[in-house]
Amino acid sequence: MRIILCGFGVVGQNLVKLFDSRSEDLYAKYGLKPRVVGVFDSKGSAVDQSGLDFGKLVETKKKFGTVGRYADTQNQMSGKDMLKEIKADVLIETTASNYKDAEPGMTHIISAMKRGMHVISVNKGPLALAFPSLLELATYNQVMFKFSGTVGGGTPILDYAKNSLRGERITSFAGILNGTTNYILTNMGTGVSYDEALKDAQDKGYVEADESLDLDGLDAAAKLVILANWIMGMKVTLPDINCTGIRKVTAEDIKKAAKENCLIKLIASCNKELTVSPRQIPDDDPLCVNGTLNAIAFTSEHSGTQTIIGKGAGGMETASSILRDLLDIREEIAGD
Ligand code: HSE
């Protein structure tokens, strides 16, 4: 399977490491032979129709900070040109989420779909701002559009609701969809101040480069948009979410909640409304997970409430969600 990889940050690098370490078993078990024919990052690109060497790509990035130095040629193909000229079956979009105009990911996804390429995105920006129209574009161009890693990282939250609960009618859901704010609130629960907890999360590398994405609830809201569209069949985008982050949560709020045997969590919920806000949750509720964990409880008509818990971020975890999507595409193509 020929792949173009957009972005070569932590997720992209872990993905090619995964391809490298699992190559024999991926072929033996699933008939999947990933061939990365093009990669680009913000500073350069590498192209080889016969397949780029995974180890060399990672080494080049480590040494020069870009894949652009992979070959000794001066001619760097821009990402835009690569998407126009290089033939591939799947585009994997891993550039950073941007909730203002969703670029450059939006252009990558649209160009690929128009050329008949299947798309896997772990970039949430384009889905948060244009989920309904991207899904239409995929259908119109008869390509598959997969985004399992956008919610829950390696934890298959979307697949669980869509496939494991197939036939059920999910009536509502609520969850902790942002690991960073959960880490901060968990630490505040042990008496640490907001500023100290934030600094600790920053030191550990959890907080997004633009801290507002975590702290003001935008990341959780983007995930809520994806869930609402994909699981509940709604046609919504980011402005439809009623969103409040954690900046105003005080030590007093946490103490008050503790007196009632509750913890304060940033909850994204879909009931009558789509809301992200800090809420008191009983400390024995399965949703009440700590640290950077994510958890989501789906309530359905016949099978009650079920909670799925797992890590919501991480380079290798997110790379494994891409592999899951790739295997689905491989299977569907083989089925056809
Ligand atoms: N900033 C996000 C989080 C990363 O803390 O959950 C995963 O989307």
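**Exercise 1.** How do the residues of the shell around the ligand divide into nonpolar, polar and charged?

*Solution.* The model examined here is predicted. Begin by listing the neighbours: the ligand is surrounded by Lys124, Asn178, Gly179, Thr180, Glu208, Asp214, Asp219, Lys223, Gly312 and Ala313. Next, sort them by class. Asp, Glu, Lys and Arg count as charged, and Gly is placed among the polar residues. The result is 5 charged, 4 polar and 1 nonpolar.

**Exercise 2.** Determine which helices each supply at least two residues of the shell around the ligand, and state in which pocket the ligand sits.

*Solution.* Compare the positions of the neighbours with the limits of the helices. Two helices each provide at least two residues of the shell: α7, spanning 179-188, and α10, spanning 218-232. Gly179 and Thr180 are among the surrounding residues, as are Asp219 and Lys223. As for the location, the ligand occupies the largest pocket.

**Exercise 3.** Identify side chains that make polar contacts with the ligand, and state how much of the ligand the protein buries.

*Solution.* A polar contact requires a pair of N or O atoms within 3.5 Å. Consider each candidate in turn.

- Glu208: an N or O atom of the side chain is 2.7 Å from a nitrogen atom of the ligand.
- Asn178: a polar side-chain atom is 3.4 Å from an oxygen atom of the ligand.
- Asp219: a polar atom of the side chain is likewise 3.4 Å from an oxygen atom of the ligand.

The final step concerns area: the ligand taken alone exposes 260 Å², and the protein buries 86% of that.

**Exercise 4.** State how many helices and strands the protein has, and assess its compactness.

*Solution.* The protein contains 12 helices and 12 strands. Its radius of gyration is 20 Å, close to the 20 Å given by the globule rule for 336 residues, so the protein is as compact as a globular protein of that length. Along the principal axes, the C-alpha atoms fill a box of roughly 65 × 45 × 35 Å.

**Exercise 5.** Describe the backbone at Pro104 and at Gln142, and locate both residues.

*Solution.* Take Pro104 before Gln142. The peptide bond between Glu103 and Pro104 is cis, with omega about 5°. Pro104 belongs to the loop between β4 (90-93) and α4 (105-114). Gln142 is not a glycine, yet its phi is positive, at about 55°. Gln142 is located in the loop between α5 (125-140) and β6 (145-146).

Conventions:
Residues numbered from 1 in each chain as written. Predicted model: local features only at pLDDT ≥ 70, side-chain atom pairs only at ≥ 80, totals over all residues. Heavy atoms only, no water. Near = heavy atom within 4 Å. Polar contact = N/O pair within 3.5 Å; in protein donor to acceptor, adjacent residues only side chain to side chain. Areas by Shrake-Rupley, 256 points an atom, 1.4 Å probe, with all protein chains shown as cover. 1 Å grid on protein atoms, 1.4 Å probe; cavity = no way out; pocket = protein on both sides within 12 Å on 5 of 7 lines; lining within 4 Å. Sits in = over half its atoms within 2 Å of the grid points. Helix = DSSP H or I, 4+ residues; strand = E, 2+ residues; numbered from the N terminus. Rg over C-alpha atoms; globule rule 2.2 N^0.38 Å.
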